[in-house]
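Hello,

Here is the structure I promised to pass on to you. Please open it beside this email, and my notes will follow underneath.

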Amino acid sequence: MPTRAELSEIKADDQGHTELMRAALEGDTPAVRALLARGIEVNATNVEGRTALMFAVTNMHTDTASVLLKHGADVNATANDGGTALMLAASSGDTESVRALLLKGADPSGRYIQTGKTALVLAMENKHADIVELLSSDRTQPKNLVS
């Protein structure tokens with residue numbers, strides 16, 4: 001039986017995109033469930049340091065992101081550029097994923113390395129008022145209340 005690491009490498013392309021990442025990118029929730037049931041590593045990264053969760057929220061695949069979160073996706077994984085799933089969800093306007101990530105303990109203070117932009121700044125720039133409100137209210141709540 002292959003190890004988790006071996007399973008994660010199955011059909012990874014030259015950029016390190018695994019089957020799980022491709023399924024998350026497409027929002028193929030049944031495929032994501034099947035891959036996770038096979039033991040695929042939920043937090044594997046591609047050469048840019050991006051995870052399946054990051055791909056799911058970038059494309060507003062909330063159901064897929066939820067499955068990944070339930071299987072232990074790291075909400076604070078950081079890509080090589082400093083980006084996080086929360087920053088990507090805030091930028092794309094995925095309010096449901098932003099809410100879910102915050103409830104799972106996502107850190108809203110992360111910043112892109114080159115620009116210094118946070119999830120809040122990205123939501124403001126993209127005029128996602130509901131996400132701005134979520135991120136602003138999250139800053140005022142004690143972290144120990146977030147589960």
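Below is what I found when going through the model.

First, what kind of model is it? This is a predicted model, so please keep the confidence values in mind while you look around. The mean pLDDT of the protein is 88, with 84% of its residues at 70 or more. Over residues 1-9, however, the pLDDT is below 50, and this stretch has 11 contacts in the model beyond near neighbours in sequence. Residues 140-147 also have a pLDDT under 50, and for them the model has 10 contacts beyond four places in sequence. Where pLDDT is low, the predicted coordinates should not be read in detail.

**The overall picture**

The protein has nine helices and zero strands, so to speak a run of α-α-α-α-α-α-α-α-α from the N terminus on. Of its 147 residues, 46% count as buried. Among contacts with a separation of 6 or more, 66% are between residues 24 or more positions apart.

**Helix α3 and what covers it**

Helix α3 spans residues 29-37, and its buried residues are Thr 29, Val 32, Leu 35 and Leu 36. Looking down the axis of α3, you will find these buried residues within an arc of 125°, so they line one face of the helix. Pro 30 and Ala 37, on the other side of α3, are exposed. The cover over the buried residues of α3 includes α2 (19-26) and α5 (62-70).

Thr 29 is worth selecting as an example from α3. Its relative accessibility is 10%, so it counts as buried, the cut-off being under 20%. Which residues does Thr 29 contact, leaving aside its neighbours within four places in sequence? They are Asp 63, Thr 64 and Val 67. Just after α3 comes Gly 39, with a positive phi of about 100°.

**Helices α6 and α7**

Next, please turn to α6 (85-92) and α7 (residues 95-103). How do their axes cross? The axes of α6 and α7 come within 8 Å, with a crossing angle of roughly 155°. That angle is over 145°, which means that α6 is roughly antiparallel to α7. On the α6 side, the contact is made by Ala 85, Leu 86, Ala 89 and Ala 90; on the α7 side, by Ser 97, Val 98, Leu 101 and Leu 102. The crossing of this pair, α6 and α7, is left-handed.

In α7, the buried residues are Thr 95, Ser 97, Val 98, Leu 101 and Leu 102. Viewed down the axis of α7, they fall within an arc of 165°, so they line one face of that helix. Among these buried residues are Ser 97, Val 98, Leu 101 and Leu 102, which also take part in the contact with α6. Just after α7, Gly 105 has a positive phi of about 100°.

**A glycine in a loop**

Gly 83 sits in the loop between α5 and α6. Is Gly 83 buried or exposed? With a relative accessibility of 0%, Gly 83 counts as buried. Apart from neighbours within four places in sequence, Gly 83 is in contact with Met 54, Ala 77, Thr 78 and Tyr 112. If you would like to check a distance in your viewer, the C-alpha atoms of Gly 83 and Ala 119 are separated by 9.1 Å, while the two residues are 36 apart along the chain.

**Two positive phi values outside glycine**

Two further loop residues may interest you. Met 60 is found in the loop between α4 (52-58) and α5. Its phi is near 55°, a positive value in a residue other than glycine. The relative accessible area of Met 60 is 42%, which makes this residue partly exposed.

Lys 127 belongs to the loop between α8 (119-125) and α9 (129-139). Phi of Lys 127 is near 60°, again a positive value in a residue other than glycine. With a relative accessible area of 72%, Lys 127 is exposed.

Happy browsing, and best wishes

Terms used:
Residues numbered from 1 in each chain as written. Predicted model: local features only at pLDDT ≥ 70, side-chain atom pairs only at ≥ 80, totals over all residues. Heavy atoms only, no water. Buried < 20%, exposed > 50% of the residue type's maximum accessible area, 1.4 Å probe, protein only. Helix = DSSP H or I, 4+ residues; strand = E, 2+ residues; numbered from the N terminus. Arc of directions from axis to C-beta. Contact = heavy atoms within 4.5 Å. pLDDT = per-residue confidence, 0-100. Axes fitted to C-alpha atoms, helices over the stretch in contact; angles between N-to-C directions. Parallel < 35°, antiparallel > 145°, perpendicular 65-115°, else oblique. Left-handed = near helix turned anticlockwise from the far one by under 90°.
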